[in-house]
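Open your viewer and get your selection tool ready. This is a short guided tour, with one stop after another to select and look at.

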Amino acid sequence: MAQQHSDRNHYDDGGVRLGWAVAANVLLTIVQVVGGILSGSLSLIADALHNFGDAAALLIALIAVRISRKPADELRTFGYKRAESVAALINLTLLVVTGFYLIVEAVKRFYMPAPIEGWVIIYVATAALVVDLFTAFLTYRQSKTSMNIKAAFLHNVTDALASVGVIIGGVLIYLYEWVWIDSVVTLMIASYVLWQGFIQMPKVIHLLMDGTPEHLDISEVVKAIDDQGGVKKAHHMHIRRLDEHQNALEGHVVIDPEKKMDDIKVRIKPMLHDCFVIHHSTL
């Protein structure tokens with residue numbers, strides 16, 4: 001009971017931190033959009049869209065975490081843990097769409113350059129850097145235990161790097177009037193956004209498609225079961241992830257008729273848990 005109370009307090013504290021992170025990113029997005037319009041900087045608007053994506057990602061993650069805590073019922077007998085994976089897929093899809101949009105707009109700017117106020121870019125991007133570091137601080141602790149939150153944390157760290165790039169671009173525009181650098185920085189941000197999306201999306205889809213966990217080899221699992229005393233053959237093995245932390249197995253185990261089924265299952269289930277981190281097994 002004490003552990004459950006501690007977990008709830010940890011979650012509630014994390015929820016407050018996520019709420020602050022969402023609010024900070026939404027406020028920053030508004031400031032960057034206004035600054036981008038006033039300065040004429042596409043890279044600043046690009047960074048604003050990225051930060052808005054982070055705010056949406058954090059908000060969706062927060063809602064998904066709340067849903068995932070619902071207990072199993074007759075409609076969802078395995079519970080609602082995969083809500084976080086669905087949220088991750090939504091966020092990644094939005095990320096990819098944003099990346100392609102930024103590339104199109106940046107290429108247009110190469111052919112139709114617009115006047116840009118470098119000093120506005122520098123001030124707004126500096127504010128963005130401060131907010132990105134603040135958000136990364138808020139999400140750091142939860143990123144250690146949640147793949148979903150870890151992705152948001154890494155996004156904020158790399159957003160900070162992107163803000164540094166925008167600041168450098170603003171300095172070059174202010175000093176040398178290199179307005180083309182704005183499109184270059186935008187392309188760099190868009191490329192990173194697309195890279196993140198295409199790297200992470202297959203992992204989420206693999207989980208939602210009930211794919212075998214990447215770290216498990218079914219042949220090794222079958223061999224470990226076959227090696228148990230009283231087992232003649234293990235086959236029809238299906239292993240999948242219930243969520244990002246729990247694995248499940250279903251399979252047929254042919255046993256020696258002279259052995260007791262319950263005695264063998266009592267040995268196999270703890271072995272699957274200890275050796276292969278399989279939390280739920282149906283034999």
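## Stop one: A234 and its surroundings

Start by selecting A234, which lies in strand β1 (residues 231–241). Keep in mind throughout that this is a predicted model. Is A234 buried or exposed? Its relative accessibility is 4%, and because buried means under 20%, A234 counts as buried.

Now show what surrounds this alanine. Leaving aside neighbours within four places in sequence, A234 is in contact with V222, I225, D226, H252 and V253. Pick H252 from that group and draw a C-alpha to C-alpha distance to A234: you should read 5.8 Å, for two residues that are 18 apart in sequence.

Stay in the strand for one more click. H236 is also placed in β1, and H236 has a positive phi of about 50° although it is not a glycine. Most residues other than glycine have a negative phi.

## Stop two: the whole chain

Zoom out and colour by secondary structure. The protein chain has eight helices and three strands. From the N terminus on, the order is α-α-α-α-α-α-α-β-β-α-β.

A few overall values help to set the scene. The chain has 283 residues, and 44% of them count as buried. Its accessible surface comes to about 15,600 Å², with 67% of that belonging to carbon and sulfur atoms. If you have a contact map to hand, consider contacts between residues at least 6 apart in sequence: 72% of them join residues at least 24 apart.

## Stop three: the salt bridges

Next, show the charged side chains. Side chains of opposite charge can pair when their charged atoms come close. How many salt bridges does the count come to? The count is three.

Select R240 and D210 to begin. Their side chains meet in a salt bridge, at 3.4 Å from N to O. This pair links distant parts of the chain: R240 is in strand β1, while D210 is in the loop between α6 and α7, 30 residues apart. R240 counts as buried, at 18% relative accessibility, whereas D210 counts as partly exposed at 36%. Before you leave D210, check its backbone: phi is positive, about 60°, although D210 is not a glycine.

Move on to E214 and R241. These two form a salt bridge in which the closest N and O atoms are 3.7 Å apart. Here too the pair links distant parts of the chain, with E214 in the loop between α6 and α7 and R241 in strand β1, 27 residues apart. E214 is exposed, with a relative accessible area of 52%, and R241 is buried, with 16%.

Finish this stop with D227 and K223, whose side chains meet in a salt bridge at 3.1 Å, N to O. Both D227 and K223 are exposed.

## Stop four: two helices crossing

Select helix α7 (residues 218–226) together with helix α8 (residues 261–276). Their axes come within 11 Å and cross at roughly 140°. The crossing of α7 past α8 is right-handed.

Which residues meet where the helices pass? Show side chains for E220, V221, A224 and I225 in α7, and for I268, M271, L272 and F276 in α8.

L272 leads on to the next selection, S281, which is found in strand β3 (residues 280–282). Not counting residues up to four places away in sequence, S281 touches L249, K269 and L272. S281 counts as buried, at 11% relative accessibility.

## Stop five: a nonpolar patch on the surface

Switch to a surface view for the last stop. Select V107, F110, Y111, W119, Y123, V171, Y174, L175, Y176, W178 and W180, which make a nonpolar surface patch of about 1,300 Å². The elements that give two or more residues to the patch are α3 (83–111), α4 (118–143) and α5 (147–176). Which of them gives the largest share? That is α5, with four residues.

End on W178, in the loop between α5 and α6 (180–208). At 35% relative accessibility, W178 counts as partly exposed.

Note on methods: Residues are numbered from 1 along each chain as its sequence is written. This is a predicted model: local features need pLDDT of at least 70, side-chain atom pairs count only at pLDDT 80 or more; totals for chains, interfaces and linings use all residues. Side-chain values use heavy atoms; hydrogens and water are left out. Patches are made of residues with over 30% relative accessible area and no salt bridge: like charges are joined within 9 Å, nonpolar side chains (Val, Leu, Ile, Met, Phe, Trp, Tyr) within 5 Å. Accessible areas come from the Shrake-Rupley method with a 1.4 Å probe; for residues, only the protein chains shown count as cover. A salt bridge is a side-chain nitrogen of Lys or Arg within 4 Å of a carboxyl oxygen of Asp or Glu. Buried means under 20% relative accessible area, exposed over 50%, partly exposed in between (1.4 Å probe, protein chains only). Axes are lines fitted to C-alpha atoms, for helices over the stretch in contact, and angles run from 0 to 180 degrees between N-to-C directions. A crossing is left-handed if the near helix is turned anticlockwise from the far one by less than a right angle, and right-handed if clockwise. Contact means heavy atoms within 4.5 Å.
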